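Visitor: I have a model open and would like to talk it through. Can you take my questions as they come?

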Amino acid sequence: MKVRNNIFFVAVATAGICQAAEIGSPSGRLFVATDVTENGTPVYSVTLDGKTVIDKAPLGLVLDFANLSEGLKEKGLSIEKVRRSYTQDKIKKSRIDVDATVATVEYEGDGGKKLAVEWHVADDGVAFRYHVPRQSGKGSMVVIKELSSFAFPAGTTTFLTSQSDPMIGWKRTKPSYEEYYVVDAPMDSKSEYGRGYTFPALFKTPDNIWALVTETGVDGYYCGSHLSDYADGRYSIAFPMPEENNGNGSVEPGVALPGYTPWRLMAIGDNLYPIVETTLPWDLVEPKYATSRKARPAKGTWSWILWQDGSINYDDQVKYIDFAAEMGYDNVLIDNWWDTNIGEKRMEELIRYAHGKGVNPILWYSSSGHWNDIEQGPINRMDRPIERKKWMKWMRDNGVDAIKVDFFGGDKQETMRLYEDILSDASDYGIDVVFHGCTLPRGWERMYPNFVGSEAVLASENMIFDQKFCDKEALHATLHPFIRNSAAIMEYGGTFLNKRMNKGNDGGNIRRTTDAFQLAVAVLFQNPVQNFALAPNNLTDAPAVAVDFMRNVPTTWDDTRYIDGYPGKYAIVARRHGDTWYVAGVSNLDKTVKLELNLPMFEKGDRLRIINDDKNGEPIMSEIIVKNPSKVAVTLNPSSGFVVCD
Ligand code: CA
């Protein structure tokens, strides 16, 4: 292992020769090196303990008025160490200490054209963004192309999910980050649609170094980006497709000068700890506004998941409100069609009924709109400010403090601005926001204090729609803690205790996973607002041990630790709520394995409770007395899981 003594150093340049900068992480293990090619294109590389993570990969921007990707020289470098702390109550940790080396590399070319790249090099990963000063008399830029790219060494394998074609799927609502993952694939395999891959994207180099690539700090002043297909030895930043949002809005983002691009980031490690535990997506952003009240974490029920559209009527909603009250839950999610099936006046009555039971309704809205064919109402209320504020006032007047907004039009800047507009207006009316049919949130948990969740995953609803998804449930669950749910909170709407995916628990698709698995994902899938896929019949037909666990499981966490696993095989993660640790594991292996877990949060003599399978695969709770915290024995059955808590 090669650890350099200097935290950072700069290779000295002589006049006329390209400079090169090296920026080291606080521990000195992770290094970024920058350079400029012969034709003046900035490049960077990344090493961990001297092993290549990223091989010379281009950087730079092509703007409407200047090409800042060639003919450049490094002109200046400033480096400093930063230490700061912040608190968060919506993500995997509640108190985060940021310790990083930050650097700005300035480039200059003919005619005085200028570009700067800001680097953030921490022990758990690397991030960069561009800064463009005012120049050539220009106060704004259109970014035609971003050269930012990722050149992993030959032999790297990938864990990726494809970008969808635009304007396909249900009522022409894609892309919406609801595609399958391909696991441990070679880099030169083609994406499903030839449109590249959505963030986050996981890579493993031949030296067994892991890198989780994503972006953060994307707001209404840029588009959401994704990765291209592999070409010329690298993946590059790709902008949205012109057809997205029904062709409305530009693909190339417009930015006021001086201006910044979002951060491109990589969590990096020679093991999976930083991949699961990284906080880089939030370390690099700041809250954009203050709210009058803190976001309200909550557990809830929703009729739509198992009872579907037909249940959005007054009487069925009363049943789910009563069920939420019975479970001790805070929320009931009233999904699509309430505007026509129940109507505004009876909704006011229903909301009062819910409040009388101590339950808070979340109301569903379509985001659209002029960009898809959605019929489910309410429509045309969240996409336009005058209507939006009218309905937000109606909700505030009736004590509704949370909404779910669905079916967005893609990743163009125009759509990013809509997300921000909805969040900002909702904050003014004391409303928390969940997004569905949507993009990946990119630092939004911290940027927007009333943002409480996004889908952006092939979520629980697919188990109702298609048996194939039930068959792949265990595979997906072993990926999310390492990929999708590491980069952002994930409103998955899971934990079924129905064995059959219908209202009567007697037909429809067949769940392949055990109840213990379902309890484990309540901990593994992290979102501060959880709408669980439980149903009123579970009070009588599900095992009491499972229902009791679901009454008490927290939805906010003070700490998160990777324990064991491998993406696609099995995943074991520990989360702490207050003084209580929950260790949750799920398996996609095809046979039973006995594991000895290192659980340093426990001590010799601790009495732990474990829920796993009895011999019939039904959930059973038993006690573990810890003899050696570094060797706690658990058994992991195929398509099953466990939860341990103290
Ligand atoms: Ca969806």
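Guide: What follows is a short run through the chain, its metal site and some single residues.

Visitor: What kind of model is this?

Guide: This is a predicted model.

Visitor: How many helices and strands are there in the chain?

Guide: The chain has 16 helices and 37 strands. Its radius of gyration is 25 Å, close to the 26 Å that the globule rule gives for 646 residues, so the chain is as compact as a globular protein of that length.

Visitor: What box do the C-alpha atoms fill?

Guide: Roughly 80 × 65 × 45 Å, taken along the principal axes.

Visitor: And how much of the chain is buried?

Guide: Buried residues are 63% of the 646. The chain exposes about 23,000 Å², and carbon and sulfur atoms supply 47% of that area.

Visitor: What share of the contacts comes from residues 24 or more positions apart?

Guide: They account for 71% of the contacts with a separation of 6 or more.

Visitor: How far apart are the mean positions of the positive and negative charges?

Guide: They are 2 Å apart, taken over 71 positive and 86 negative charges.

Visitor: Moving on to the metal. Which residues coordinate the calcium ion?

Guide: Glu 178, Glu 455 and Glu 461 do, through OE atoms, with Glu 455 listed twice; the distances run from 2.3 to 2.5 Å. In sequence the spacing of the donor residues is E-x276-E-x5-E. The pair Glu 178 and Glu 461 links distant parts of the chain, 283 residues apart. Glu 178 sits in the loop between β14 (157–161) and β15 (181–186), while Glu 461 belongs to helix α10 (residues 461–465).

Visitor: Are those two buried or exposed?

Guide: Glu 178 is buried, at 14% relative accessible area. Glu 461 has 15% relative accessibility and is also counted as buried, because the cut-off for buried is under 20%.

Visitor: Back to that loop between β14 and β15. What is the phi of Arg 172?

Guide: It is near 55°, a positive value in a residue other than glycine. Arg 172 lies in the loop between β14 and β15, and it is partly exposed, with a relative accessible area of 31%. Most residues other than glycine have a negative phi.

Visitor: Where is Ser 639, and what is its phi?

Guide: Ser 639 is in the loop between β36 (632–636) and β37 (641–645). Its phi is positive, about 55°, although Ser 639 is not a glycine. At 21% relative accessibility it counts as partly exposed.

Visitor: Which peptide bonds are cis?

Guide: Among them are the bond from Leu 257 to Pro 258, with omega near -5°, and the bond that joins Gly 377 and Pro 378, with omega about 0°. Pro 258 is in the loop between β20 (254–256) and β21 (259–260). Pro 378 is in the loop between β25 (360–366) and α7 (385–397).

Visitor: Now helices. How many residues of α14 are buried?

Guide: 10 of the 10 residues of α14 (residues 515–524) are buried, so this helix is largely enclosed by the rest of the structure. The buried residues include Asp 515, Phe 517, Gln 518 and Leu 524.

Visitor: What about Tyr 320?

Guide: Tyr 320 lies in helix α4 (residues 314–327) and is buried, at 0% relative accessibility. Leaving aside neighbours within four places in sequence, Tyr 320 is in contact with Thr 301, Trp 302, Ser 303, Trp 307, Val 332, Leu 534, Ala 535 and Pro 536.

Visitor: And Arg 446, buried or exposed?

Guide: Arg 446 counts as buried, at 9% relative accessibility. It is found in helix α9 (residues 444–447). Beyond its neighbours within four places in sequence, its contacts include Tyr 86, Trp 282, Asp 283 and Glu 286.

Visitor: Last one, Lys 190. Where is it, and what is it in contact with?

Guide: Lys 190 lies in the loop between β15 and β16 (201–204). It is exposed, with a relative accessible area of 62%. Apart from neighbours within four places in sequence, Lys 190 is in contact with Tyr 197, Asp 229 and Tyr 230.

Key
Residues numbered from 1 in each chain as written. Predicted model: local features only at pLDDT ≥ 70, side-chain atom pairs only at ≥ 80, totals over all residues. Heavy atoms only, no water. Donors = N, O, S within 2.8 Å, 3.2 Å for Na, K, Ca; no water. Helix = DSSP H or I, 4+ residues; strand = E, 2+ residues; numbered from the N terminus. Buried < 20%, exposed > 50% of the residue type's maximum accessible area, 1.4 Å probe, protein only. Rg over C-alpha atoms; globule rule 2.2 N^0.38 Å. Contact = heavy atoms within 4.5 Å. Areas by Shrake-Rupley, 256 points an atom, 1.4 Å probe, with all protein chains shown as cover. Lys, Arg positive; Asp, Glu negative; His and termini not counted. Charge placed at Lys NZ, Arg CZ, Asp CG, Glu CD.
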